[in-house]
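These are my notebook entries on a structure I opened today, written down in the order in which I looked things up.

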Amino acid sequence: MRPVVARISLDALANNLRVARQHAGQAKVLAIIKANAYGHGLTRALRAFSASDGFGVLTVDEAANLRQMGVDKPILLLEGFFQAGELSALVELGLVPVLHSPEQLKLLSHQSFVSPVDVFVKFNSGMNRLGFPLARFEQVMGQVKALANVRSITLMTHFATADEERGAAWQARPFMEKVAGTGLPLSMANSAALLRYPQFNSGWVRPGIMLYGASPFADRSAESLGLKPAMTLQSEIIAVQNLKPGEGLGYGLIWKAVKFAKIGIVACGYGDGYPRHAPSGTPVLVNGKRAPTVGRVSMDMLYVDLTGLPDAGVGSTVTLWGNGLPVEEVAQSAGTISYELLCALAPRVPVAET
Ligand SMILES: *Cc1c(COP(=O)(O)O)cnc(C)c1O
């Protein structure tokens, strides 16, 4: 069997939900499990997150899956519905759509439901992605309240820079001013805001990345936040090449040995979800010890410089990210973020639950 495997720890997932809960205070926790639970598997996440107060997904199909698996908690559709044809399923499955556009309000007003639905009404407080303009708050609320199909309303916004120096207060302040006095529940915090701004953790919090054990911050490690990596991507060295000075390696021969070099060929490549853009020098663990990748990542293989690791050879375990090597560090080296690497785990990689 090809040795690549993603080891996914249910204990780590459950631990991370507990950390989120500790920060949430009185707020309820919507575990965000879109994108196949950030690559960890929907069913698996469901089992690990049984203590959550609800779930956030993108599509009616995902939500239908959850209902089929017996979930009776609130399920939030993060982008709401897209077409009129989805409305009946929404009512039947008892889903909670995010309402963010006038088009959605129009669709809702044109159908009569057997029973009204709970909704999150999303306002744009500065990210300029989804949401009604805050400046039109009163008007939009008037329209939503007039909808016979709407039962309860939660007011929602999303932060653009909660993980960065600029923070979240510049968005939260005008939002809080508008919603003050409505008495309606709020939903603001993603992982970064949940960890950094306890004052915004009312109503429903929406942690995603932290549940999978990655830190949303560039300057704070997951470990320091009490988070445990849930996915460890591992493979093995399947061949060793000894290069002479001046010889190149892999496609384009972009890496060249300057002295005699012992190179391990690892059975993992971009076809498994490892980023092709990871440059030479991106860290991996070989039998638990750090070593740098070298050369260009190919579809099924990548290369590691074993010079200085005399015991390493064919059969040595290689950790690409996870326990002992934060996925954030690999992502940073590859010029991306942990989210993208986790989501991109390829279906061909077998998963072992631990
Ligand atoms: C994905 C998503 C989240 C979770 O964000 P993290 O940074 O992963 O915690 C929260 N809210 C919304 C609207 C999202 O789309």
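**Entry 1: Leu253 and Asn287**

I began with Leu253, which counts as partly exposed because its relative accessibility is 43%. I kept in mind from the start that this is a predicted model. I then looked up where Leu253 sits, and found it in the loop that runs between strand E12 (248-249) and strand E13 (255-256). Its backbone caught my attention, since phi of Leu253 is near 45°, a positive value in a residue other than glycine. I noted beside this that most residues other than glycine have a negative phi.

I went on to Asn287, for which phi is near 50°, again a positive value in a residue other than glycine. Asn287 belongs to the loop between strand E15 (283-286) and strand E16 (289-294). With a relative accessible area of 44%, Asn287 is partly exposed, because the partly exposed class takes in what lies between 20% and 50%.

**Entry 2: the chain as a whole**

I next stepped back to the whole protein chain, in which I found 11 helices and 19 strands. Taken along the principal axes, the box filled by the C-alpha atoms of the protein chain is roughly 75 × 40 × 35 Å. The protein chain has 354 residues, and I noted that 53% of them are buried.

**Entry 3: the ligand**

Which residues are closest to the ligand? I looked up the shell and found 13 residues surrounding the ligand, the closest being Lys34, Tyr38, Ser191, Ile209 and Tyr339. By class, the residues of this shell divide into 7 nonpolar, 4 polar and 2 charged.

I then went through the polar atoms around the ligand one by one. For Lys34, an N or O atom of the side chain is 2.7 Å from an oxygen atom of the ligand. For Ser191, an N or O atom of the side chain is 2.5 Å from an oxygen atom of the ligand. At Gly208 the backbone takes part instead of a side chain, with a polar backbone atom 2.9 Å from an oxygen atom of the ligand. I followed this with the surface figures: the ligand taken alone exposes 390 Å², and the protein buries 92% of that. When I checked the pockets, I found that the space taken by the ligand is the largest pocket.

**Entry 4: two buried strand residues**

Is Thr319 buried or exposed? Thr319 counts as buried, because its relative accessibility is 7% and the class requires a value under 20%. I placed Thr319 in strand E18, which covers residues 317-321. I also looked up its partner, and the side chain of Thr319 makes a polar contact with the side chain of Gln234 at 3.2 Å.

Asp305 was my second case, and I found it in strand E17 (residues 302-305). Its relative accessible area is 16%, so Asp305 is buried as well. I took one distance from here: Asp305 and Leu227 are 78 residues apart along the chain, and their C-alpha atoms are separated by 30 Å.

**Entry 5: helices H10 and H11, and the loop after H11**

I turned to Glu329, which has its place in helix H10 (residues 327-333). Glu329 counts as partly exposed, because its relative accessibility is 28%. Between the C-alpha atoms of Glu329 and Ala214 I noted a separation of 10.0 Å, with their positions 115 residues apart along the chain.

Where is Cys343? I found Cys343 in helix H11, and with 36% relative accessibility Cys343 counts as partly exposed. Cys343 and Gly85 are 258 residues apart in sequence, and I recorded 28 Å between them in space, C-alpha to C-alpha.

My last lookup was Ala344, which lies in the loop between helix H11 (338-343) and strand E19 (351-353). Ala344 is partly exposed, because its relative accessible area is 36%. Ala344 and Gly295 are 49 residues apart in sequence, and from C-alpha to C-alpha they are 21 Å apart in space.

Definitions and conventions. Residues are numbered from 1 along each chain as its sequence is written. This is a predicted model: local features need pLDDT of at least 70, side-chain atom pairs count only at pLDDT 80 or more; totals for chains, interfaces and linings use all residues. Side-chain values use heavy atoms; hydrogens and water are left out. A residue is near a molecule or strand if one of its heavy atoms lies within 4 Å of it. A polar contact is a pair of N or O atoms within 3.5 Å; within protein, one must be able to donate a hydrogen and the other to accept it, and residues adjacent in sequence count only if both atoms are side-chain atoms. Accessible areas come from the Shrake-Rupley method with a 1.4 Å probe; for residues, only the protein chains shown count as cover. On a 1 Å grid over the protein atoms alone, a cavity is a set of points where a 1.4 Å probe fits but cannot get out, and a pocket is an open set with protein on both sides within 12 Å along at least five of seven lines; lining residues have an atom within 4 Å of a point. A molecule sits in a cavity or pocket if more than half of its atoms lie within 2 Å of its grid points. Ala, Val, Leu, Ile, Met, Phe, Trp, Tyr, Cys and Pro count as nonpolar, Asp, Glu, Lys and Arg as charged, and the others, Gly among them, as polar. Helices (H or I, at least four residues) and strands (E, at least two) are DSSP runs, numbered from the N terminus. Buried means under 20% relative accessible area, exposed over 50%, partly exposed in between (1.4 Å probe, protein chains only).
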